[in-house]
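Student: I should like a close look at a single part of this structure, namely one sheet and what lies against it. Please give the criteria behind each term as it arises.

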Amino acid sequence: MASTSLAFPSLQPKFQSPRRSSKPSARRGIFPPIASSLSENPYVQVPPETIESPGPKELPILKIPGSYGFPFIGPIKDRLDYFYNQGREEFFKSRVQKYRSTVFRANMPPGPFIASDPRVVVLLDGKSFPVLFDVTKVTKKNLFTGTYMPSTELTGGYRVLSYLDPSETRHDKLKRLMFFLLEFRRDHVMPEFHSSYTELFNGFEQELATKGKAAFGDASDQAAFNFLSRALYGTNPADTKLGIDGPKLILKWVLFQLSPLLTLGLPKYLEELLIHTFPLPPFLVKSDYRRLYDFFYESSGPVLDEAERLGISRDEACHNLLFATCFNTFGGMKFFFTNMIKLIGRTGSELHTQLAQEIRSTIKSNGGRVTMAVMEQMPLMKSVVYESLRIEPPVPLQYGRAKRDLIIESHEAAFRVKEGEMIFGYQPFATKDPKIFDRPEEFVPDRFVGEGEKLLKHVLWSNGPETETPTVGNKQCAGKDFVVLVSRLLVVELFRRYDSFEIEIGTSALGVSVNLTSLKRSSF
C-alpha cells in the first residue's frame with residue numbers, strides 16, 4: 001500500500017517469494033485469481049531474463065560501483081542527502097547518473113545509531129529487482145523495515161509474521177492463519193465495503209455542501225477501519241469501547257515503528273535528533289496499543305480458535321492479526337486509496353466518463369449486481385487499478401540478505417553479490433523501467449487492457465509478480481487478491497454514484513493529501 005516511506009504491505013507482509021515453493025500451497029482459492037487491463041497501444045516487451053539465466057547475450061560481470069564512505073560519516077551524509085539535501089527520488093536518480101548503473105552501493109537510512117550496518121547493494125531496474133522475491137537466494141528474517149528492526153515491545157513481545165522468513169516454522173503457521181481469516185469472512189467483504197463506503201460518500205456530499213470541499217484522508221481512514229472491522233471480524237468499532245479512535249491510534253503506533261524512515265516537517269536538525277538518531281520509546285504508545293489489542297481480541301474468537309488448532313497461542317495470534325489488519329491492510333488502504341484517487345482525479349473527466357459508462361453498463365447487463373465475476377468484465381477499471389499499483393506501489397522499499405554468493409543481472413551488466421550482503425530495491429524505479437514500459441512515468445489508464453495484460457508480470461506491488469500466487473513458502477502478500485478486490489470496489493462504487501469528480505492535491509507529513517472540490521452525481 002506510497003509516496004512516503006510510511007507505506008505498508010496489505011493484509012500480510014509483502015516480502016518476497018521464490019518462483020516456486022517446495023511446500024504445498026495453503027492458498028485454498030480464497031478469492032478467485034484476479035485479472036487485468038491495457039491501452040490502445042499494446043505495450044508488449046520481451047520479458048527480462050531471470051537473474052541466473054544469461055539469455056542469448058552474456059553480460060559482462062562488473063564490479064558494483066559506489067562507495068559507503070567513511071564509517072559513521074558516510075551513512076550520515078547519505079541520510080541527509082536522502083531526507084533533505086536531495087530527497088528520495090533525486091537520491092537514487094543522481095547516483096544512477098553518476099555511476100551509469102542501476103545497481104550500485106549506498107547507505108540506506110536510518111544509519112547511526114538505530115541501524116548498526118546501513119550498507120546495501122541498491123537495485124533500481126525491473127530485471128535485477130526480482131531477486132528480492134526469491135527466498136532461495138535471499139533471507140527476509142527481520143528485514144521488513146530494512147536495516148533496522150523496531151522493538152518487539154511494539155508487537156506484544158513477538159516477532160510478527162512480517163519479520164519472519166519462510167524457513168521459520170512460525171511463518172508457515174501464521175500465514176495459514178491469515179489465509180483462514182480471508183476465507184472465513186470472504187462472503188462479508190463486498191456487502192460491508194458497499195455499506196462503509198456509502199457512508200463515506202454521503203459524508204463527503206454533506207461536507208461539500210457546507211464547506212465547499214471535503215478532505216479525503218481522515219474520512220477515508222475511518223471508512224477503511226470500519227470496513228475491515230466489519231468485514232473481517234464482524235464488529236462495528238463504534239459499538240465498542242474503541243469507538244472512532246482506531247485510525248488515530250494506529251497511526252501513532254505505526255509512527256513509533258517507522259519514524260526512522262520518515263520526515264515529519266520538523267526543522268532538520270531537530271528531526272534528525274528526535275526520530276533519525278534514536279528510536280522513540282515504546283512505553284509512550286503502550287496504552288494506545290492495548291486498546292487496539294483488546295478490540296481485536298474481543299472480536300476474533302473464531303479466528304483465535306483456529307490459531308490454537310494450528311498450534312499458535314491466542315495471544316500471539318491476536319498480535320499478528322492486529323499487525324496484519326492495522327499496519328499492513330489499513331496502512332495500505334490509507335496510502336494507496338489516496339494515491340489512486342489522486343491519479344484518477346487529475347486525469348480528468350474523459351477518463352471518468354469512460355469508467356462510468358463501462359461500470360454502469362456492465363452492472364446493468366448483469367442484472368444490477370456487482371460480483372467479482374462482473375468486475376472481471378470491466379477491462380478499463382481493472383487496468384486503472386493495476387496502473388495505479390504500478391505508479392504508486394504501496395510498499396516502495398524492499399530488502400533481502402544474500403543467502404549465498406549471487407550473480408545479479410541488470411539490463412546492461414552482471415554483478416557479484418557476496419553471501420551476507422544486504423540487497424535493497426526501490427520499487428517505483430523497477431516498475432517504471434523504460435526498457436519494460438512505454439511512457440513509464442505517465443499514468444496510462446488503459447495500459448493493461450487486452451495485449452497489455454502480458455505486462456502484468458512486471459507489476460510487483462505484492463512482493464511478487466501480479467501473475468503469481470502467495471503461498472506459505474513465499475513472502476508474497478497473503479491478501480494480494482483481497483487488496484486488488486477492494487481497490488476495484490472503490491473505483492466501482494465511485495463511478496456507480498458519480499459521473500466525475502474534481503480534486504485539489506497537496507502535501508502532508510505522511511505524503512500526498514487530497515481534497516475533493518466537486519462530486520457530480522450520476523446523470524445516466
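Tutor: Two strands are taken to pair if DSSP finds at least two bridges between them; helices (H or I, at least four residues) and strands (E, at least two) are DSSP runs, numbered from the N terminus. The model is predicted, so local features need pLDDT of at least 70 and side-chain atom pairs count only at pLDDT 80 or more, while totals for chains, interfaces and linings use all residues. Residues are numbered from 1 along each chain as its sequence is written, and side-chain values use heavy atoms, with hydrogens and water left out.

The protein chain contains 15 helices and 11 strands. Five of the strands form an open sheet in the order β2-β3-β9-β6-β4, with mixed pairing. Its edge strands are β2 (103-107) and β4 (138-139), each of which pairs on one side only.

Starting from the β2 edge, β2 and β3 pair in the antiparallel sense over five bridges, and R105 stands opposite V121 in β3. On to the next neighbour, β3 and β9 pair in the parallel sense over three bridges; here V121 stands opposite I423 in β9. V121 of β3 thus faces R105 and also I423. Four of the five residues of β3 are buried (under 20% relative accessible area, with exposed over 50% and partly exposed in between; 1.4 Å probe, protein chains only), so β3 is largely enclosed by the rest of the structure.

At the other edge, β4 pairs with strand β6 (residues 397-402) in the antiparallel sense over two bridges. In this pairing T139 stands opposite R401 in β6.

A helix also belongs to this picture. Helix α2 (residues 88-99) lies across β2, β3 (119-123), β6 and β9 (422-426), running at about 130° to β2. Contact means heavy atoms within 4.5 Å; axes are lines fitted to C-alpha atoms, for helices over the stretch in contact, and angles run from 0 to 180 degrees between N-to-C directions.

Within α2 is S94, which counts as buried because its relative accessibility is 17%. The side chain of S94 makes a polar contact with the side chain of Q86 (3.0 Å). Such a contact is a pair of N or O atoms within 3.5 Å; within protein, one must be able to donate a hydrogen and the other to accept it, and residues adjacent in sequence count only if both atoms are side-chain atoms.

For the chain as a whole, buried residues make up 61% of the 524 residues.
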